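Here are my notes on the ligand site and the pockets, as promised. Have the structure open while you go through them.

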Amino acid sequence: MPIDATLPYDDANIFAKILRGEIPSTKVYEDEWAFAFEDINPQAEIHTLVIPKGRYVSWDDFSAKASDAEIGGFVRAVGTVARAKGLVELGYRLLANIGAHGGQEVSHLHVHIFGGQPLGRMISA
Ligand code: 5GP
């Protein structure tokens, strides 16, 4: 069920629990700004999620309220994970679902990294 990404941040969301170590995840990368882990229901050969450590619901929320350091740190972390996964040479896809039309289900900003196979068209019919 897609969320309303205009609502305030909810500390009970599943990725907040992962960040706090309350539920397990398969960690891929962590630094001061970001945490990356494998998606529990992968949609491609490689499907990794990268989240900022701050309490942001969506890309809109993050871009409006996060500091330059948080934004820079998060963007760099996405690139670091893509390189670490060996995705640069053959390419990959980044996706951030936002709100109802975007089909966002978890109310903590996350970027999906898909790769390891040809990924087809941008948007399925
Ligand atoms: P969204 O539709 O919000 O962009 O994507 C949410 C993603 O989070 C989905 O791909 C889903 O498989 C993943 N996900 C949901 N719950 C969990 C969880 O508890 N652990 C992990 N690792 N991924 C999750």
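**Notes on the ligand site and pockets**

1. First, where the ligand is: it sits in the largest pocket. Keep in mind throughout that this is a predicted model.

2. Which elements give two or more residues to the shell around the ligand? They are α1 (14–19), β2 (34–38) and β3 (46–52). Of these, α1 gives the most, with three residues.

3. The shell around the ligand holds 17 residues, and the ones that come nearest are D39, N97, E105, H110 and H112. Sorted by class, that shell has seven nonpolar, seven polar and three charged residues.

4. Now the polar contacts to the backbone. On the nitrogen side, a ligand nitrogen is 2.9 Å from a polar backbone atom of E38. As for oxygen, one ligand oxygen atom lies 3.1 Å from a polar backbone atom of G103. A backbone N or O atom of E105 is 2.7 Å from an oxygen atom of the ligand, and E105 is also among the residues that come nearest to the ligand.

5. How much of the ligand does the protein cover? On its own the ligand has 530 Å² of accessible area, and the protein covers 83% of that.

6. Turning to the space itself, the largest pocket has a volume of about 500 Å³. Its lining counts 22 residues, with F15, D39, I40, L49 and V106 closest to the centre. D39 turns up here and also in the list of residues that come nearest to the ligand.

7. What does each element bring to the lining of the largest pocket? At least two residues come from each of α1, β2 and β3. The largest share is that of α1, with three residues. By class, the lining has nine nonpolar, 10 polar and three charged residues.

8. The second largest pocket deserves a look too. About 330 Å³ of space lies in it. Which residues line the second largest pocket? Going along the chain, they are Q43, A44, R93, L95, F114, L119, R121, M122, I123 and S124. By class, this lining has six nonpolar, two polar and two charged residues.

9. To pull the ligand site together: the ligand sits in the largest pocket, α1 gives the most residues to the shell around the ligand, and α1 also supplies the largest share of the pocket lining. Backbone atoms of E38, G103 and E105 are the ones to check when you look at its polar contacts.

Key. Residues numbered from 1 in each chain as written. Predicted model: local features only at pLDDT ≥ 70, side-chain atom pairs only at ≥ 80, totals over all residues. Heavy atoms only, no water. Near = heavy atom within 4 Å. Polar contact = N/O pair within 3.5 Å; in protein donor to acceptor, adjacent residues only side chain to side chain. Areas by Shrake-Rupley, 256 points an atom, 1.4 Å probe, with all protein chains shown as cover. 1 Å grid on protein atoms, 1.4 Å probe; cavity = no way out; pocket = protein on both sides within 12 Å on 5 of 7 lines; lining within 4 Å. Sits in = over half its atoms within 2 Å of the grid points. Helix = DSSP H or I, 4+ residues; strand = E, 2+ residues; numbered from the N terminus. Nonpolar A, V, L, I, M, F, W, Y, C, P; charged D, E, K, R; others polar. Points joined across faces, edges and corners; volume = space filled by probe spheres on them.
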